[in-house]
Amino acid sequence: MIGDGDSPSSDLETAVLGGAKRYTPEEMAAAARLTLEEVRQLWRALGFPDVGEERAFTDADLTALLRVASLVERNMIDLDGVADLARSLGRTTSRLADWQVDALGTRLVGPDWPERLAESDQVKFESAVLGLLPDLEELLTYVWRRQLAATLERSLTDLLPRPHEEALSTVGFADLVSFTRLSRQIDGATLAQVVQTFEAESSDVVHAEGARLVKTLGDEVMFVAGGSTSAARIALALHRVHAGAEHLPQLRIGLATGPVLTRMGDVFGPTVNRASRMTTLARPGTTVIDGATDEALHDSSAYDVELTTRALTPRPVRGLGIVRPYALSGVAADPEPVSSTDSDSKGAEAANGSIAGNTHLR
């Protein structure tokens with residue numbers, strides 16, 4: 001528990017780290033036979049700030065650095081490669097840690113747990129973290145191995161000869177309509193629950209179809225499917241699953257099919273740009289797809305059995321020129337028309353390319 005002379009988090013931090021901070025950056029560099037700048041580069045790659053001359057490193061830190069130095073010395077990987085791996089670990093685990101701490105605080109204290117963390121709750125919180133730590137660590141390793149196996153399988157499969165059209169991917173964006181307006185109308189705890197519900201249920205839908213959830217941006221999710229049929233099923237399922245959920249706005253979804261460039265878990269390229277533009281053309285509650293997706297769906301066995309498309313009026317889209325979008329719907333549904341004017345200003349502006357930077361353009 002917290003001692004009288006300690007800060008509220010010092011003992012807990014020491015327990016989580018597995019030991020006290022004992023080493024300076026210079027001592028770490030000397031032990032690993034690396035330069036001071038190389039040590040700082042790796043530390044920053046993990047997502048941590050420079051520590052100056054402080055004793056900021058534990059025995060576990062030193063063990064990890066010695067392992068890295070050994071890999072470099074044995075020419076298993078160079079230092080730039082290590083920095084790339086450190087960056088990927090840092091970005092992923094930083095969000096994971098934030099997510100887990102917030103989930104634990106919410107369950108133990110309540111949605112507004114940071115403000116309500118009184119002394120008695122703090123002791124309970126500490127005990128829960130320390131009690132869960134071994135299991136969380138084991139589960140992290142287990143899930144990482146599972147994800148690594150799945151990624152290796154996908155990567156090796158991509159090396160096999162196959163028809164060109166099968167090598168294409170379908171990118172999808174699902175966007176909550178009028179999310180900014182909603183965020184001004186409900187309290188923070190309710191808004192957080194809306195986002196959590198949206199992300200969790202969207203993730204379930206995407207993964208159930210064998211696709212990959214690339215990222216979540218609060219009011220939007222991005223996914224990549226190995227084929228247009230899978231992506232179309234995901235789009236229809238997302239509309240269905242989220243319909244009627246309390247406080248959850250309607251979705252608009254865009255799909256585009258083509259080659260994509262994958263880097264550090266993200267995807268880039270013109271196909272991603274088109275999917276983003278298709279999303280901004282959709283009215284609330286609808287899905288709009290590009291011509292390549294429409295063509296692929298027409299060639300699938302699912303067309304006219306579980307899904308259908310119809311051509312919409314060609315229109316100019318900044319960065320793409322004149323495009324002909326298509327509306328996607330289930331065979332039993334009567335798809336809503338899509339208009340170039342959207343009631344949500346965010347969508348209208350993005351369709352014309354007027355949102356600075358457009359977060360989807362790669």
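**Aromatic pairs**

I started with the rings, and the count came to two aromatic pairs. This is a predicted model, so I read every value below as computed from it. One of the pairs is Trp43 with Phe57, edge-to-face, with 4.8 Å from centre to centre and 75 degrees between the planes. Where do the two partners sit? I found Trp43 in helix α3 and Phe57 in the loop between α3 and α4 (59–73), so this pair ties together parts 14 residues apart in sequence.

Next I checked burial for both. Trp43 has 18% relative accessibility and counts as buried, because the cut-off for buried is under 20%. Phe57 is at 3% and counts as buried too. I then looked for further rings around this pair and noted that ring pairs link Trp43, Phe48 and Phe57 into a cluster.

**Cavities**

I moved on to enclosed space. How many cavities of 30 Å³ or more are there? I got two. The largest cavity holds about 40 Å³ of space.

Its lining brought me back to the ring pair: Trp43 and Phe57 are both on the list, along with Pro25, Val39, Arg40, Asp50, Val51 and Gly52. Which element gives the largest share of this lining? Helix α3 (residues 36–45) does, with three residues. Sorted by class, I have five nonpolar residues, one polar and two charged around the largest cavity.

**Second largest pocket**

Then I turned to open space and picked the second largest pocket, which has about 480 Å³. I listed 13 lining residues for this pocket, and those closest to the centre are Trp99, Asp102, Thr106, Ala192 and Gln196. Two elements give two or more residues to the lining, namely α5 (79–108) and α9 (188–208). By class the lining of this pocket splits into six nonpolar, three polar and four charged residues.

**Strand β11**

My next stop was β11, residues 326–330. Is this strand mostly covered or open? Mostly covered: I counted five of its five residues as buried. I also went through the strand face by face. On one side Tyr326, Leu328 and Gly330 are buried, and on the other side Ala327 and Ser329 are buried, so to speak a strand with both faces covered.

Which strands pair with β11? One is β7 (residues 287–289), antiparallel to β11 and joined to it by three bridges. In that pairing I marked Thr287, which stands opposite Leu328 of β11. Another is β8 (residues 307–311), also antiparallel, with five bridges to β11. Here I marked Thr308, which stands opposite Ser329. Leu328 and Ser329 are also on opposite faces in my burial notes above.

**Arg315**

Last, I looked up a charged residue in a strand. Arg315 belongs to β9 (residues 315–317). Is Arg315 buried or exposed? I have it as buried, with a relative accessible area of 8%. I then searched for what its side chain meets, and found a polar side-chain atom of Arg315 lying 3.2 Å from the backbone oxygen of Thr313.

Methods. Residues are numbered from 1 along each chain as its sequence is written. This is a predicted model: local features need pLDDT of at least 70, side-chain atom pairs count only at pLDDT 80 or more; totals for chains, interfaces and linings use all residues. Side-chain values use heavy atoms; hydrogens and water are left out. On a 1 Å grid over the protein atoms alone, a cavity is a set of points where a 1.4 Å probe fits but cannot get out, and a pocket is an open set with protein on both sides within 12 Å along at least five of seven lines; lining residues have an atom within 4 Å of a point. Grid points are joined across faces, edges and corners, and a volume is the space filled by probe spheres set on the points. Helices (H or I, at least four residues) and strands (E, at least two) are DSSP runs, numbered from the N terminus. Ala, Val, Leu, Ile, Met, Phe, Trp, Tyr, Cys and Pro count as nonpolar, Asp, Glu, Lys and Arg as charged, and the others, Gly among them, as polar. Buried means under 20% relative accessible area, exposed over 50%, partly exposed in between (1.4 Å probe, protein chains only). Two strands pair if DSSP finds at least two bridges between them. Rings of Phe, Tyr and Trp (its six-membered ring) pair if their centres lie within 6.5 Å; planes under 30 degrees apart count as stacked, over 60 as edge-to-face and the rest as tilted. A polar contact is a pair of N or O atoms within 3.5 Å; within protein, one must be able to donate a hydrogen and the other to accept it, and residues adjacent in sequence count only if both atoms are side-chain atoms.
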